[in-house]
Amino acid sequence: MIDILRDNWLLLLIGQYPNGPLGGLVATLLLAIIGLLLALPCALLLALGRVSPYRSLRFLSGAIVHTLRGTPFLMVIFWSYFALPFLVGQSISGFWTLVGALVLYESAYLAEVLRAGIEALPRGQTEAARSLGLSYRRTMLYIVLPQAVYNSLPSLLSQFVSLIKETSLGYVISVNEFTFAAAQVNTQLLTKPVQVFSILAATYFLLCFSLTQTARTIERRIAQRRSGTSSPRNPVISLSTPLTTEPAP
């Protein structure tokens, strides 16, 4: 395995770049990051539709979310592969086809994450904002959504881990990502598939495990801030407690 890594690490890292398309692990991370960034605005709209006071918006956004969540991601890739060029009117590379599929699929999951973050907030905050004269739109924009997104950060990072793993299905449409690069190495060697795909599995595990641990750390810190506790190095000082005590006269 060490010999395979020594001889093929560049192909596994960046694919055939700069003599060909960017690929390997860098392409996998790039796909996941772009997919997450583009899916977030769509997910926000769907989440707002899910908690909208208008029944028609709740029904429409709910139908979109449940349809996408109930569809295998491989099917969404095939839809994107055949439908996107027809809708755009020109051919689309496999990279952007996979990005489109990731955005469609992850928007539904991220929408549920954000909806849960919105509904977890105390109703008193919304009622207080409305009593101060803020409209529903301004209340959601300035009061509810910032807190909901902050509280949802661990879950968003967990979805990013899922995105990284889902990019491996781009292999079926020849997207030059990490799994595709490993398959190229295996084709060159022919006699060492166990070693090659063990390297692939170990890399995915280390990357996803590190991000999962980061999500748990963020979740603990958010929980500490909610409960008003902190580490001994950063004690929380209550505003209701005086910093100094004057002796009684």
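This is a short talk about how some of the helices in this structure pack against each other.

Okay, before we start: this is a predicted model, where local features need pLDDT of at least 70, side-chain atom pairs count only at pLDDT 80 or more, and totals for chains, interfaces and linings use all residues. Residues are numbered from 1 along each chain as its sequence is written, and side-chain values use heavy atoms, with hydrogens and water left out.

Let's begin with helix α2, residues 24-50. Helices here are DSSP runs of H or I, at least four residues, numbered from the N terminus. How far should its 27 residues span? At 1.5 Å a residue, 39 Å is what we should get, and the end C-alpha atoms are 37 Å apart, which agrees. That expected span is 1.5 Å times one less than the number of residues. There's also a kink of about 30° at Leu-40, shortly before Pro-41; the bend is the angle between axes fitted to the seven residues ending there and the seven starting there.

Now for pairs. Two packed helices are described by the angle between their axes and the distance between the axes. Axes are lines fitted to C-alpha atoms, for helices over the stretch in contact, with angles from 0 to 180 degrees between N-to-C directions.

The α2 and α3 axes come within 7 Å and cross at roughly 130°. That makes α2 oblique to α3, given that under 35 degrees is roughly parallel, over 145 roughly antiparallel, 65 to 115 roughly perpendicular, and the rest oblique. On the α2 side, Leu-46, Gly-49 and Arg-50 make the contact, with residues including Ser-61 and Val-65 from α3; contact means heavy atoms within 4.5 Å.

Val-65 turns up again, because α3 (residues 55-69) also packs on α5 (residues 94-120) with axes that come within 9 Å and cross at roughly 120°, which makes α3 oblique to α5. Val-65, Leu-68 and Arg-69 in α3 meet α5 residues, among them Leu-104 and Glu-112. By class, that contact has seven nonpolar, no polar and two charged residues. Here Ala, Val, Leu, Ile, Met, Phe, Trp, Tyr, Cys and Pro count as nonpolar, Asp, Glu, Lys and Arg as charged, and the others, Gly among them, as polar.

Last pair: α8 (residues 153-166) and α10 (residues 193-227) pack at about 170°, axes 8 Å apart. So α8 is roughly antiparallel to α10. Phe-160 and Ile-164 are among the α8 residues there, and Leu-211 and Ile-218 among those of α10. The classes come out as 13 nonpolar, three polar and two charged.

Terms used:
Helices (H or I, at least four residues) and strands (E, at least two) are DSSP runs, numbered from the N terminus.
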